[in-house]
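These are my notes on the model, set out as numbered points. Please read them with the coordinates open.

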Amino acid sequence: MSAFLGPVHFMLYNKIQRQNDLLNEIIKASDENKWVDDLAGKLKESCGENETAPLETVIDESAIHNWLNNQVQISENRMAYALKLIMEKDKSLLDKVSEIFYSNGAAARLDYADIIVSEELFKALNLCLLDGMPCDGGVTVQQDDGSEIIWDINMQVHAPYYEKHGLSSEVFLSMRDKWLQGFFAGSFNIDYARLGDNTFRIMEV
């Protein structure tokens, strides 16, 4: 490992890769079902592409923060633009996309199958979900009493990408909700709920 790179950098890069894996599932579904012609090509042309090689082989170590921030922006922009193009084809396709978010969340849960404690599961979420740079304050915990956690998503982190493409922030929030539903679907002792527009809760039952 480079002397300049720490665990937080690898953690963030992994979250970017997870979001790109999710987007690749959406692209595959689009190709197979003919939602948007050459969705991958359109995204590359308009938004660029994320690096996928091992972090230490591609990062600019002279500007680590700026390099990672650029990768976050590319990933967020690609997701928002993909949803825009799909909705332009047919708004009802968003239901199909939400199923992909759900199944991706359920698959991510398998990586933490041995965890049943709400606090540990909340930590797992923050290893999976991209909410800007660590310094952006993407998630704020309102309440944590050990068995119940309520948190808010800072929409200033996500909304600009959706607004750029003429989409409501609710598009992002509804997809995040579906992902979380999938993640907690197999948790027999955890109740998950979306409490408000950008407020979510998990509780041991």
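1. This is a predicted model. I start with helix 6 (residues 118-128) and helix 8 (residues 169-184), whose axes come within 12 Å and cross at roughly 130°. That angle makes helix 6 oblique to helix 8. The handedness of the crossing between helix 6 and helix 8 is right-handed.

2. The residues in this contact are L121, A124, L125 and C128 on the helix 6 side, and W179, L180, F183 and F184 on the helix 8 side. By class, the contact of helix 6 with helix 8 consists of eight nonpolar residues, with no polar and no charged ones.

3. Next, the sheet. Four strands form an open sheet in the order 1-2-4-3, and the pairing is antiparallel. Strand 1 (139-144) and strand 3 (190-196) lie at the edges, each pairing on one side only. From one strand to the next the twist averages 20°.

4. Strand 2 (residues 148-153) and strand 4 (residues 199-204) run antiparallel and are joined by five bridges. Within this pair, I150 stands opposite R201 of strand 4. Helix 6 packs on the sheet and touches strand 1, strand 2, strand 3 and strand 4, and its direction makes about 25° with that of strand 2. Helix 8 also packs on the sheet, where it touches strand 2, strand 3 and strand 4; the direction of helix 8 makes about 170° with that of strand 3.

5. How many bridges pair strand 3 with strand 4? There are six, and the pairing of strand 3 and strand 4 is antiparallel. The link from strand 3 to strand 4 is a hairpin that runs through two residues. One bridge to check in the viewer is that of Y192, whose partner in strand 4 is I202.

6. Is R201 buried or exposed? R201, which sits in strand 4, has a relative accessibility of 13% and therefore counts as buried; the cut-off for that class is under 20%. Leaving out residues up to four places away in sequence, R201 touches E148, I149, I150, W151, D191, Y192, A193 and L195. Of these contacts, I150 is also the residue that stands opposite R201.

7. D191 belongs to strand 3, one of the two edge strands. With a relative accessible area of 32%, D191 is partly exposed. Leaving out residues up to four places away in sequence, the contacts of D191 are R201, I202, M203 and V205. D191 is also 9.5 Å from S118, C-alpha to C-alpha, although the two are 73 residues apart in sequence.

8. The remaining points concern helix 4 and its partners. The axes of helix 1 (residues 7-33) and helix 4 (residues 64-89) come within 10 Å and cross at roughly 20°. Helix 1 is therefore roughly parallel to helix 4, as angles under 35 degrees fall in that class. The crossing of helix 1 and helix 4 is left-handed.

9. Helix 1 contributes H9, L12, Y13, I16, Q19, N20, L22, L23, I26 and I27 to this contact, and helix 4 contributes I64, W67, L68, Q71, V72, S75, E76, R78, M79, A82 and I86. The residues of the contact of helix 1 with helix 4 comprise 14 nonpolar, five polar and two charged.

10. Helix 2 (residues 39-47) also packs with helix 4, at an angle of about 130° and with the axes 10 Å apart. This makes helix 2 oblique to helix 4. The crossing in which helix 2 passes helix 4 is right-handed.

11. Which residues make the contact of helix 2 with helix 4? On helix 2 they are L39, K42, L43, K44, S46 and C47, and on helix 4 they are I74, N77, R78, Y81, A82, L85 and I86. By class, the contact of helix 2 with helix 4 has eight nonpolar, two polar and three charged residues. R78, A82 and I86 of helix 4 are listed in the contact with helix 1 and in the contact with helix 2.

How values were computed:
Residues are numbered from 1 along each chain as its sequence is written. This is a predicted model: local features need pLDDT of at least 70, side-chain atom pairs count only at pLDDT 80 or more; totals for chains, interfaces and linings use all residues. Side-chain values use heavy atoms; hydrogens and water are left out. Axes are lines fitted to C-alpha atoms, for helices over the stretch in contact, and angles run from 0 to 180 degrees between N-to-C directions. Angles under 35 degrees count as roughly parallel, over 145 as roughly antiparallel, 65 to 115 as roughly perpendicular and the rest as oblique. A crossing is left-handed if the near helix is turned anticlockwise from the far one by less than a right angle, and right-handed if clockwise. Contact means heavy atoms within 4.5 Å. Ala, Val, Leu, Ile, Met, Phe, Trp, Tyr, Cys and Pro count as nonpolar, Asp, Glu, Lys and Arg as charged, and the others, Gly among them, as polar. Two strands pair if DSSP finds at least two bridges between them. Buried means under 20% relative accessible area, exposed over 50%, partly exposed in between (1.4 Å probe, protein chains only).
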